[in-house]
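Thank you all for coming; I would like to use these few minutes to walk through one structure that may be new to most of you. Please have a look at it first, and then we will go through it together.

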Protein chains: 2
Amino acid sequence: MAVRATDQIIHKAAWLYYTHGLRQDEVARRLEISRASVALYLRKARENGIVNISTSTHLFRQDVTARRIEDAFGLEAVWIVGREGLTADPAGEVPTLAANVFLEMIGNGERVGVAWGRTVYAMADAMSYADFEGVTVVQLCGNLGAPYSYRPDQCTMEIARRVNAKGLNFYAPLVLSSDRLARELRAEPVIREQLDSIDACDLALFSVGSLDADSHVIKCGALTLDELSALKRNGARGVIAGQMIAADGALLSCDYNRRVISADLASIRAIPKRLVVAQEEAKVAPLLAAFAGGFCTHLVASAAIGERLLEHIEAGTGGPAAAKP
Amino acid sequence: MAVRATDQIIHKAAWLYYTHGLRQDEVARRLEISRASVALYLRKARENGIVNISTSTHLFRQDVTARRIEDAFGLEAVWIVGREGLTADPAGEVPTLAANVFLEMIGNGERVGVAWGRTVYAMADAMSYADFEGVTVVQLCGNLGAPYSYRPDQCTMEIARRVNAKGLNFYAPLVLSSDRLARELRAEPVIREQLDSIDACDLALFSVGSLDADSHVIKCGALTLDELSALKRNGARGVIAGQMIAADGALLSCDYNRRVISADLASIRAIPKRLVVAQEEAKVAPLLAAFAGGFCTHLVASAAIGERLLEHIEAGTGGPAAAKP
DNA sequence: CATCATGATTGACAATTGTCAATCATGCCC
DNA sequence: GGGCATGATTGACAATTGTCAATCATGATG
């Protein structure tokens, strides 16, 4: 992005204050402006990501639960937020941690795919501004036409804005009414290109959808309750980027999936770093399916989920990962 | 590194204060300690890299000079510190900027090679603490036996300490008295292994040595003035990781180079990201040789050097890069 | 068991920073 | 040109933070 003249002075103030450790009045004197302005510039510098203040997320990885989950499911890294709930807003803990982990995982010049969901939206909201260079954020799944508040394109754009990246949205509905139409739309060059570009991602961010009555796919109107029950009877256990997966993580063979426009599951699996975020306990079964399908390399989860996963591990046999000696 | 119990509370305080934006008194209340302790913990968190405050270095890349140098020499990125000299300590500007750029270039899990020199040492000194994960810092060249203050192993260890990395030193002298001895020592498994591990580096950090009477090679006793003059007559134009290079960037064929124990120049060139730092004007000729030899992908330099390089570019023909239409 | 040394913790005060209403510059429109 | 809207800048005060001497634990030692 181009540098406005006013950025120049903000940058200088930030450099002197944060990097060289001068006091605000010293910075003011050196730049020949009032101290109040310095304070103002510094705030802007923080807000725009010219200055980046980040707290290490290591603490949350040192949790014993996190370690055991990593081992049991063969994940590269797991972060579990504390049981106690440090803040007044326990619901915000997972997205906040996830946002920090996500930022740590991005590198300059990388391409990042994001799906959507309440959690991902909350993450975007909690994410601090950072000034990466050459980062691209691509949308992993189609949009929902409804005036639903957590739209995939909004997630993508907001995250792109926060990390100073280029956002690559794609404007197709998530679900169409017919298989045929979906196929035709997928073949459209604009859409095709976008879907293909997902293969080149270095990092993916998504949550897993559950299949409750108040799950995301229902709330956003992609499915009716009846359709959902039918899918569950057919073996659906979770939702990844809008697509139904079975307990073994495979794409469920069903009419619904054929009507969806979204990242190919194989493409998602081909992305080297895949961060999954889960908050509510209802996400446990979908998570296990996602692990089984190899969709996840990095996980941020609540303490409640951590405990359920541990129980699952201890129950022995069950998990697909138990097959991994 | 293992987490001491006391780190836990420091980390929590930092998380609440920096990530959740609570005030110190709120943090104190929540953790049931005095606010004075919170202030203390926060300071420690900053000092240990639990909290990372970094200022974007983009400003220094937006300099017109920087852009032109990038283009002319085909470098990926160039940073030039401002002419004016923002701080009271102009000599510290280049190392400080370089330290920040260097930290931005490191990624978790990467292997970083560092050579040494006054500038590199000053960088280590100006570098803030960061808590990377799985980073290894390897020494690129042999040591100097003399009680010289900027020893290669010190640079390596200090940088490793700052970025929370494992340091891989190697204890061989930089220059030996005979070709034969150097060859034999290079063949020793301990040394061989270390030298080979350089190939696996993701990032290299070094300066280029000049060939003045007060240059590093002289000051540290690697060469006498007479030997240096002889080498210069033979075509030596700069020093990279202890080795003499000619104007075209090739390793000078000379007795001295055969007596040196250091990273193979081809290995250095094979490292994907190669950050070169240069401060004094005497470094211009060595820099041009380094560019010619393809040793540099990223450059941090003083305004004075920037200007000299520009003049060189404008002089037209000269540069090897001029051949790059 | 008393004594001392060491390091963590705190209360109280000083220093620094954040904020906001008031003022100043700038550009636009009539 | 005058009036007006918009946004930048500042002075002055309030809020927050840094510091340090004093106090409190802890554990080692005679």
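Let me start with a salt bridge between the two protein chains, in which Arg61(B) is paired with Glu133(A), and the closest N and O atoms of the two are 2.5 Å apart. Please keep in mind throughout that this is a predicted model, and that the values I quote are computed from it. Between chain B and chain A, the count of salt bridges is 2, and across their interface there are also 20 residue pairs in polar contact, with both partners at pLDDT 80 or more.

Which elements give two or more residues to the side of chain B that touches chain A? They are α1 (5–19), α2 (24–31), β1 (51–55), α4 (58–61) and α6 (93–105) of chain B, and of these α1(B) gives the most, with 8 residues. Sorted by class, that side of chain B has 16 nonpolar, 15 polar and 7 charged residues.

As for the interface as a whole, 38 residues of chain B are in contact with 38 residues of chain A. The size of an interface is often given as the accessible area lost when the parts come together. Here chain B and chain A bury about 3500 Å² between them, and 59% of that area is on carbon and sulfur atoms.

The two chains are also joined through their strands, since β1 of chain A, residues 51–55, runs antiparallel to β1(B) and is connected to that strand by 5 bridges. Within this pairing, the residue that stands opposite Ile53(A) is Ile53(B).

Now let us turn to the DNA. There are 13 residues around DNA strand D, and the closest are Ser37(A), Tyr41(A), Tyr17(B), Gln24(B) and Arg35(B). Of the atoms of DNA strand D that come within 4 Å of the protein, sugar and phosphate account for 64%.

Three of the side chains can be described in detail: a polar side-chain atom of Ser37(A) lies 2.7 Å from a phosphate oxygen of DNA strand D, an N or O atom in the side chain of Tyr17(B) is 2.8 Å from a phosphate oxygen of that strand, and for a polar side-chain atom of Gln24(B) the distance to a phosphate oxygen is 2.5 Å.

Finally, α3 (35–47) of chain A and α3 (35–47) of chain B each supply at least two residues of the surface near DNA strand D, and the residues of that surface divide into 6 nonpolar, 3 polar and 4 charged.

Technical notes. Residues are numbered from 1 along each chain as its sequence is written. Chains are lettered from A and ligands numbered from 1 in the order in which they are written. This is a predicted model: local features need pLDDT of at least 70, side-chain atom pairs count only at pLDDT 80 or more; totals for chains, interfaces and linings use all residues. Side-chain values use heavy atoms; hydrogens and water are left out. Contact means heavy atoms within 4.5 Å. Buried area is the accessible area (1.4 Å probe) that two parts lose on being put together, summed over both. A salt bridge is a side-chain nitrogen of Lys or Arg within 4 Å of a carboxyl oxygen of Asp or Glu. A polar contact is a pair of N or O atoms within 3.5 Å; within protein, one must be able to donate a hydrogen and the other to accept it, and residues adjacent in sequence count only if both atoms are side-chain atoms. Helices (H or I, at least four residues) and strands (E, at least two) are DSSP runs, numbered from the N terminus. Ala, Val, Leu, Ile, Met, Phe, Trp, Tyr, Cys and Pro count as nonpolar, Asp, Glu, Lys and Arg as charged, and the others, Gly among them, as polar. Two strands pair if DSSP finds at least two bridges between them. A residue is near a molecule or strand if one of its heavy atoms lies within 4 Å of it.
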